[in-house]
Structure formats: C-alpha cells, structure tokens
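Colleague: I'm new to this one. Can you walk me through the terms as we go?

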Amino acid sequence: MHRRDFIKKVILFSLSFVILKTKIMANTLFKPFNLVDGVFVNNYVSHKSSFKDFWKWRRESSKPEPISFPIVENDPEYLKSNKSEKTITWIGHSTFLLQIDGINILTDPHFTKRASPLSFMGPSRTTPPGLKIDELPFIDFVLISHNHYDHLDSKTIQLLLKKQNVNQPRFFVPLKLRDILSKLGARNVIEHEWWQMTQFKNLEIHSVPVQHWSKRTFNDTNKTLWCGWVVKSNNFKYFFVGDTGYSKDFKNIQKKFGSFDLSTIPIGAYAPRWFMKDSHCNVEEAIQIHKDVKSKKSIAMHWGTFQLTDEPMDEPIKLLKDLTKQFKLNKDEFSYMTHGQTRKI
Ligand code: ZN
Ligand code: ZN
C-alpha cells in the first residue's frame, strides 16, 4: 500500500473511532441516571408490587363508602383579575391553582368525573371540582407529577387546550410523558429529569425525586418518570410533592432548597399499609415530609375527592387534626382546605 494511502486510512480510522467514542459518551451522558433496563427506579426502594399483590388487595379490600365533602363558592372574577397577590385555590385531589407574581399555575389538573381510563367505570369523583374549567384564569403553565389517572386526565388536558387554543399553557412533565401530551394536542411541553431546572419568566421550575411509580396501560409499568415540582421566585418557594411514599428523598430536597414557604403534601390513599407504604405516605409520614423539607406552611392534598383505597375518605383529615396537635405543630402550620376555597398566601 502506498504510504500516503496508509496515513489516510489511519486518520480515517482514528476519526471514526473518536466519533464513535463521542457518541457513546453522549449517550451515557444523556441517559437518565435512574433508568435501568428501560424502567425508572426509585432512590431508596425497588418497586416490587405484582399483579398477585394487586388482586390480593382488591379481594381483601374493605371498600369504604364514598363520602361527599362540602364545597365553597369561589370568586373566579377575583382570580382572573388578580395580578399581585399570591393565592392558592384547592380544586380537588391534587389539583391546585396557584398565583405567584401574576403567573397562574395548575398542578395535576383533574376536572372530570372519573380517575380512570374508562368513562363508565373506575374511581368516580365524590365532590365536584371547586372551580370549573371555564372559570379558570389564563393558565401560564401546568405541572404534572406522573401518569396515574388521578393525576394525568386526558379529557381535562383536552378541555384545557380547547379553552386556550391559541395561547396554550406550557406543560412541565417528567421524562417520557411528552408523547401522551403531544397526542392530546399540547405543543408546549418540557420534559424534566429529576433535579432539572427550567426558567419561566422570573420563576425557576425544578423537578425533584419522590418515591412513587407509574403505569397507564398493561405493559408500561415505570416506563415514564414521576417527580415532585419546586417553584421558586426571588422571595417564595413552593413545593408540589406529587404522589409519594416516605423516603430520604425529602431530606435531600431540603438540603438543596433550604426551606419552603408552602408545600402541598398528599395525606390520603395509604391503606392497606402492606400494599401502599412504598408509594403512598400516611398522615404521620406526610407530617414528617413537612418537617423534613422545613416547610413554613403545608396544605393537605390527595384526599376527599376520589375513593381510591381502603381508608374511609374522612379519616386522613381526622388524623391530620389529631396528629398535628399531638406533634405540637403551630395552628395552621399543616392544614387542609375546602374544595373551591382560595387562600391568600
Ligand atoms: Zn400515583
Ligand atoms: Zn394519586
């Protein structure tokens, strides 16, 4: 072989080697750190619940009576005109409207009849949404914690997009949820891995790890990520916990953010403990989360709207009242709201 040809070949070989190596490195860098064999995993427990466990729970479930809770009349005109006050409105379950510095935020929006893929069966709403979709102010962005039907409701997303057809809200979602949102018509979707941050006007939106799982169809267990969300402005920090079991993740979150002015923390869907403990905190653990993240004020969510699990629907708030007294929390340090209620923060 001619010497020049040989050198050419060596250079080409080295170049392709460098390109291949860069590609491998890039893939390693972009691979989510908690994705193992195509499924996402938690930091402190592995999700092992099986179909067998699920059927055991369904067979043994005590299926308590659904309970309706009171609803207060809201003032949607005030919410629509409000540009300066910080407010929080509980619409039901994990759905809150937050107004921070004139920016309107919705969490896990659910406004329809059932938390189910089917329109005729599955957990149905016992208390109507505290605000109708049409009564909402212009929504700047939506935070979605994971793909379970009580948190990601396709019909609600479609109604929201229909209402804000031209100027769609931005959707912040955990990894791998872009597809479902896009199929529903959302054009403005930002996917986050745990600990990622995006700036929205003067707010920082951070996704954080919580201990849960995901499933929407027969064969997609943990193929999409779950997370909590932190919204941070110059002088205010809000933590939307999402759905979670109790774990050391909360102490890690506190280390990063220092403390919170307001958190919304799930207190329901904890029974039976043998089946729910890893993925749903009970009331005592919810209070521990409030303490771990050093939240000045916390508000209960994930109760009183859908009959999902075995505890009576009014048990979480009874326990919250008892335990916050027992643990000597200040009055209103960890409280609950009425469906439809707006509070100034
Ligand atoms: Zn869930
Ligand atoms: Zn849930």
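Colleague: How many cavities of 30 Å³ or more does the structure hold?

Modeller: One. This is a predicted model, where local features need pLDDT of at least 70, side-chain atom pairs count only at pLDDT 80 or more, and totals for chains, interfaces and linings use all residues. Residues are numbered from 1 along each chain as its sequence is written, chains are lettered from A and ligands numbered from 1 in the order written, and side-chain values use heavy atoms, without hydrogens and water.

Colleague: What makes a space a cavity?

Modeller: On a 1 Å grid over the protein atoms alone, a 1.4 Å probe has to fit there but be unable to get out. The largest cavity has about 100 Å³ of space. Its lining is 13 residues (each with an atom within 4 Å of a point), with A269, W303, F306, L308 and E311 nearest the centre.

Colleague: What makes H146, H148, H212 and D243 donors of the zinc ion (ligand 1)?

Modeller: A donor is an N, O or S atom within 2.8 Å of the metal (3.2 Å for Na, K and Ca), and water is not among the atoms, so a site may look incomplete. Their donor atoms lie 2.1 to 2.3 Å from the zinc ion (ligand 1), so they qualify.

Colleague: Why is the arrangement around the zinc ion (ligand 1) called irregular?

Modeller: Four donors are tetrahedral if all angles lie between 85 and 135 degrees, or square planar if opposite donors are over 155 degrees apart and all others between 65 and 115. Here the angles run from 90 to 168 degrees, and the arrangement counts as irregular. H146 sits in the loop between β6 and α4 and H212 in the loop between β10 and β11, so the pair ties together parts 66 residues apart in sequence.

Colleague: What coordinates both zinc ions?

Modeller: D243 does, and the zinc ions (ligand 1 and ligand 2) are 3.6 Å apart. The zinc ion (ligand 2) has D150, H151, D243 and H302 as its protein donors.

Colleague: Why is the F69 and W303 pair called edge-to-face?

Modeller: Rings of Phe, Tyr and Trp (its six-membered ring) pair if their centres lie within 6.5 Å; planes under 30 degrees apart are stacked, over 60 edge-to-face, the rest tilted. By this rule there are 13 aromatic pairs. For F69 and W303 the centres are 5.1 Å apart and the planes 85 degrees, hence edge-to-face.

Colleague: Are F69 and W303 buried or exposed?

Modeller: Both are buried, with buried meaning under 20% relative accessible area, exposed over 50% and partly exposed in between (1.4 Å probe, protein chains only).

Terms used: Four donors count as tetrahedral if all angles lie between 85 and 135 degrees; four count as square planar and six as octahedral if opposite donors are over 155 degrees apart and all others between 65 and 115; anything else is irregular. Helices (H or I, at least four residues) and strands (E, at least two) are DSSP runs, numbered from the N terminus. On a 1 Å grid over the protein atoms alone, a cavity is a set of points where a 1.4 Å probe fits but cannot get out, and a pocket is an open set with protein on both sides within 12 Å along at least five of seven lines; lining residues have an atom within 4 Å of a point. Grid points are joined across faces, edges and corners, and a volume is the space filled by probe spheres set on the points.
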